[in-house]
Amino acid sequence: MAKKQFKAESKRLLEMMINSIYTQKEIFLRELISNASDAIDKMYYKALTDESIVFDKDQYYIKVETDKQNRKLTITDTGIGMTKEELEINLGTIAKSGSLAFKSENELKDGHDIIGQFGVGFYSAFMVADEVTVTSKALGSHDAYKWQSDGTDGYTIEEAEKDTFGTTIELTIKENTEDENYDEYVDSHRLRAIIKKYSDFIRYPIKMNVTERKLKEGSDNEWEDYTEVQTINSMVPIWRKNKSELTTEDYENFYKEKHYGFDKPLKHIHISVDGAVRYNAILYIPENIPFDYYTKEYEKGLELYSNGVLIMNKCSDLLPDHFSFVKGMVDSEDLSLNISREILQHDRQLKLIAKNINNKIKSQLQSLLKDEREKYEQFFKAFGRQIKYGVYTDFGSNKEALQDLLMFYSSTEKKMVTLAEYTARMPEEQKYIYYASGESHERIEKSPQLELVTDKGYEVLYFTEDIDEFAIKMLINYKEKEFKSVSSGDLGIEPDDQIEKTESEEQEHHDLFEAMKKILADKVKDVRVSKRLRTHPVCLATDGEVTIEMEKILQAMPD
Ligand code: ADP
Ligand code: MG
């Protein structure tokens, strides 16, 4: 039996598609500029095999112009253009991608720079325009043609006048409605910002007439407007450049340009990976804590680019929580995008990249600790708390690496030390890694519990943050040395002769202790002779795993 083709109510299909796949109207410009860039790329690829075409990069550009009065926006490129047939096929068939076909027909090995693949981006113009006119002259052709459509009633194609090869797309921007204002799409400042946001790294110049104000010549208070053609985009993405060509200042400028923070980055990490998944990334560890960092409002994430075109502003899947302070971007040509090119189809590549990035950040922090101690301490002061949360909440493989990034104040060194440094100094007979919790260093130093351990000459780590003890409890031990609070019952250092002495003293004062226990019945469990006090008359000790400090925190938590 002969198979029948599906018919489609194309008018409705187009309307549904245009209004449902994109979350933001402004991306139409990204789509049209990407198409223009593809058209110029095709010239470049043609020139590789056709000697009659000379690809002089300076001749190729994309121009964006507005006419506010007539609500026109035009995008012109000097690319390969379209023949009458190509206009018909590529713009007359929804989901037909001439660019995808071009890649396979020309067997482009590194044609990965060509952006188009779905054959729908062009129609996004109808989100903001009542009418779209495409005038095009194909490479090698004498005639130019004009394609025109209002997005609902089909299209027309007729002969047109055009001197040079390439394509001009003219949009008649919609009139404002009650709920929607379209004026921004003929406002050159706004358009410029949209270009910067999505298309900054398109490899060909995107030009615009920019009107600026300057002082009239010979005058110091009379201003005049002047217009000049400016290239809006940065073109060469810094992350594609060779690390050796870049200075710290270049990285700092990029940080500023991208508004990653108002501070300077403490450290940048430039990654280029050409393995199972290819990607480039520039990451930063900020110098200061963003003002909203430890609040619910803070959103972690990296910018995600596909071939230099921005896909996502804050891709949170790229960063683990324990490194949520990292800023920066990732560009990959291996992402499978969904049709709107706003989200990803499969996350396998993304998972690979995220894992890779996690490891890179870890190792970079480790080398910062090793080589630039002062900077590391500055980092830890700002974001150490987040690392501790990481240790506390991680049930996987990160704990191992994160524990080596921890720092605590040391009773003997009088500065921040790592666990590795602590254990390396431990006398052989010392059984535990000791710590003391309290509100501040001063408070801890005054606490009677500290005495026995410090008298022994042992180093004690000061825990002054809520999270400290919880994190350590999750680690249980470090290099097989258990952590021990100085206020816990068994410190592992009570001398033997003390035990007998304690027993006899306990007998002697039996009645006194019983009386004290009765009075403090709802406050303490037991009253005992202490094995550990030296100069202080009394101290509170805990029974079991939870220390007094932890109990305080647990009690303060809402149920
Ligand atoms: P995609 O870019 O994903 O292929 P589009 O809907 O954006 O889909 O464009 C459809 C096709 O129209 C492109 O593949 C290309 O062949 C053609 N096209 C669109 N814009 C231009 C242009 N400025 N110059 C040349 N060809 C273009
Ligand atoms: Mg496209």
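**Figure 1. Ala101 in helix α4 of the predicted model.** Ala101 sits in helix α4, which covers residues 98-105. Ala101 counts as partly exposed because it has 14 C-beta neighbours inside 10 Å, a count that falls between the limits of 12 or fewer for exposed and 20 or more for buried. Gly116 is 15 residues away from Ala101 in sequence, and their C-alpha atoms are 9.8 Å apart in space.

**Figure 2. The open sheet of eight strands.** The strand order is β5-β4-β3-β6-β2-β1-β7-β8, and the pairing is mixed. β5 (155-160) and β8 (223-231) stand at the edges with a single partner strand each, so one side of each has no neighbour in the sheet. From one strand to the next the twist averages 20 degrees. At the β5 edge, strand β4 (residues 144-149) is joined to β5 by six bridges, and the two run antiparallel. Within this pair Gln148 stands opposite Thr156 of β5.

**Figure 3. Strand β2 and its two partners, β1 and β6.** β2 pairs with β1 in the antiparallel sense over six bridges, and Ile75 in β2 is the bridge partner of Val64. The hairpin of β1 and β2 has four residues between the strands, and Arg71 there takes a positive phi near 55 degrees. β2 also pairs with β6 in the antiparallel sense, again over six bridges; here Thr74 stands opposite Glu170 in β6. In a regular strand the side chains alternate between the two faces of the sheet. β2 shows this alternation: Leu73, Ile75 and Asp77 point to one face and are buried, while Lys72, Thr74 and Thr76 point to the other face and are not buried.

**Figure 4. Helices α2 and α5 lying across strands of the eight-stranded sheet.** α2 lies across β1, β2 (72-77), β6 (166-173) and β7, and runs at about 20 degrees to β2. α5 lies across β1 and β7, with a direction at about 130 degrees to that of β7.

**Figure 5. Helix α5 and its buried face.** α5 has twelve residues (188-199); at 1.5 Å a residue the helix should span 16 Å, and its end C-alpha atoms are 15 Å apart, which agrees. Leu191, Ile194, Ile195, Tyr198 and Ser199 are buried in α5. Seen down the helix axis, these buried residues fall within an arc of 100 degrees, so they line one face of α5. An α-helix has 3.6 residues a turn, so residues three or four places apart point the same way. The buried residues of α5 pack against α2 (27-49), β1 (62-67), β7 (206-215) and β12 (309-315).

**Figure 6. The largest nonpolar core and the surroundings of Val460.** This core has 115 residues, of which Ile33, Ala125, Leu318, Val330, Tyr434, Tyr435 and Val460 touch the most other members. α2 gives the most to the core, with nine residues. In soluble globular proteins, nonpolar side chains tend to be buried together. Apart from its neighbours within four places in sequence, Val460 is in contact with Ser411, Tyr434, Tyr435, Ala436, Leu450, Val453, Thr454 and Val486.

**Figure 7. The open sheet of six strands, with helix α13 packed on it.** The strand order is β15-β14-β17-β16-β19-β18, and the pairing is mixed. β15 and β18 (477-478) are the edge strands, each pairing on one side only. Strand β16 (residues 433-437) and strand β17 (residues 460-463) run parallel and are joined by four bridges. Val460 in β17 is the bridge partner of Tyr434. Helix α13 (residues 466-475) touches β16, β17, β18 and β19 (481-485), and its direction makes about 155 degrees with that of β16.

**Figure 8. Met235 and Lys414, two loop residues with positive phi.** Most residues other than glycine have a negative phi, and most peptide bonds are trans. Met235, which is not a glycine, has a positive phi of about 70 degrees. Met235 lies in the loop between β8 and α6 (248-257) and is partly exposed, with 14 other C-beta atoms within 10 Å. Lys414, also not a glycine, has a positive phi of about 55 degrees. Lys414 lies in the loop between β14 (408-410) and β15 (416-417), and counts as exposed because it has 9 C-beta neighbours inside 10 Å.

Methods. Residues are numbered from 1 along each chain as its sequence is written. Chains are lettered from A and ligands numbered from 1 in the order in which they are written. This is a predicted model: local features need pLDDT of at least 70, side-chain atom pairs count only at pLDDT 80 or more; totals for chains, interfaces and linings use all residues. The expected span of a helix is 1.5 Å times one less than its number of residues. The arc is that of the directions from the helix axis to the C-beta atoms. Two residues are in contact if their C-beta atoms, placed from the backbone, lie within 7 Å. Two strands pair if DSSP finds at least two bridges between them. Axes are lines fitted to C-alpha atoms, for helices over the stretch in contact, and angles run from 0 to 180 degrees between N-to-C directions. A nonpolar core is a set of buried Ala, Val, Leu, Ile, Met, Phe, Trp, Tyr and Cys residues joined through C-beta atoms within 7 Å.
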